Amino acid sequence: MTDTALQAAVRAYGAERHYRSATLERWVALPAADAAALLDLAQDLRLGENQLRDLWEWASDVAGRQQVSIGAVLALDAVAVARRQPVGRNDRLRLVRSALRRLRYPQLSALEDRLADLVRRLDLPRGVSVTLPEFLAGDAVRIEIVATAPDSLRAAAARLARAADSPACRELFVLLGEAP
């Protein structure tokens, strides 16, 4: 696609989705490969302006950190795999956001992975779930027990009590307390 055709395609997409002219001008001013990669992403996920700007900003941050183009970031395996998932548009958008977030915040992502591993190591029964604070904003966890009888409730509570005394549980709360 020529630069002129690409600019026309960006403007047509933006007009169709009611993008502001400032966003479109910034978009068409990008290197052609980056503008084309954003157009492909926007069309694939049917992005509104705010959604595009968020993903664009995150991809730009990663590109700057890794010293690559926005198009190269959007072509990374993590993003490509998220875009190819056989799920609905909203779920694919969520997966792409998550992939870009993990690339943008690698230390936070590593901490989330470590916390998830610690929760698994608690070895809780099926009816007990642990929910970590969203975006690690806080140091409190939520524990939910689903029981169908007093015996299953007692057994779950006993396993939960043992888990609370474990090194994995202590480390989980230390990491949550230190999280940014």
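Buried means under 20% relative accessible area, exposed over 50%, and partly exposed in between. The legends below describe close-up views of a predicted model.

**Figure 1. The salt bridge between D44 and R92.** At 10% relative accessibility, R92 falls under the 20% limit and therefore counts as buried. Its partner D44 has 26% relative accessibility and so counts as partly exposed. The closest N and O atoms of D44 and R92 are 3.2 Å apart. The pair links distant parts of the chain, with D44 in helix α3 (residues 32-45) and R92 in helix α7, 48 residues apart. A search of the whole structure finds 17 salt bridges, counting this kind of pair throughout the model.

**Figure 2. The salt bridge between R104 and E57.** In this pair the closest N and O atoms are 3.2 Å apart. R104 lies in helix α7 and E57 in helix α4 (residues 49-66), so the salt bridge ties together parts that are 47 residues apart in sequence. R104 counts as buried, because its relative accessibility is 11%. E57 is partly exposed, with a relative accessible area of 41%.

**Figure 3. A salt bridge within helix α9, and a network elsewhere.** The side chains of D151 and R154 meet in a salt bridge, at 2.6 Å from N to O. Both residues belong to helix α9 (residues 150-164), where they are three residues apart, about one turn of the helix. An α-helix has 3.6 residues a turn, so residues three or four places apart point the same way. D151 and R154 are both exposed. Elsewhere, D40, D44, R83 and R92 are joined into one network by salt bridges that share partners.

**Figure 4. Helix α8 and its buried residues.** Helix α8 covers residues 106-121. Its 16 residues should span 22 Å at 1.5 Å a residue, and the C-alpha atoms at its ends are 22 Å apart, which agrees. The buried residues of the helix are L108, S109, L111, E112, L115, L118 and V119. These buried residues pack against α7 (89-104), β1 (128-131) and α10 (167-178). After α8 comes D123, whose phi is positive, near 55°.

**Figure 5. The surroundings of S109 in helix α8.** S109 has a relative accessible area of 3% and is therefore buried. The side chain of S109 reaches the backbone oxygen of R102 at 3.5 Å. When neighbours within four places in sequence are left aside, S109 is in contact with R101 and R102.

**Figure 6. A nonpolar surface patch that includes I145.** The residues I143, I145 and L153 make a nonpolar surface patch of about 220 Å². I145 lies in strand β2 (residues 142-145). With 31% relative accessibility, I145 counts as partly exposed. The residues of such a patch have over 30% relative accessible area, so the value of 31% for I145 passes that limit.

Note on methods:
Residues numbered from 1 in each chain as written. Predicted model: local features only at pLDDT ≥ 70, side-chain atom pairs only at ≥ 80, totals over all residues. Heavy atoms only, no water. Patch = residues over 30% accessible without salt bridge, like charges linked within 9 Å, V, L, I, M, F, W, Y side chains within 5 Å. Areas by Shrake-Rupley, 256 points an atom, 1.4 Å probe, with all protein chains shown as cover. Salt bridge = Lys/Arg side-chain N within 4 Å of Asp/Glu carboxyl O. Helix = DSSP H or I, 4+ residues; strand = E, 2+ residues; numbered from the N terminus. Buried < 20%, exposed > 50% of the residue type's maximum accessible area, 1.4 Å probe, protein only. Polar contact = N/O pair within 3.5 Å; in protein donor to acceptor, adjacent residues only side chain to side chain. Contact = heavy atoms within 4.5 Å. Expected span 1.5 Å × (residues − 1).
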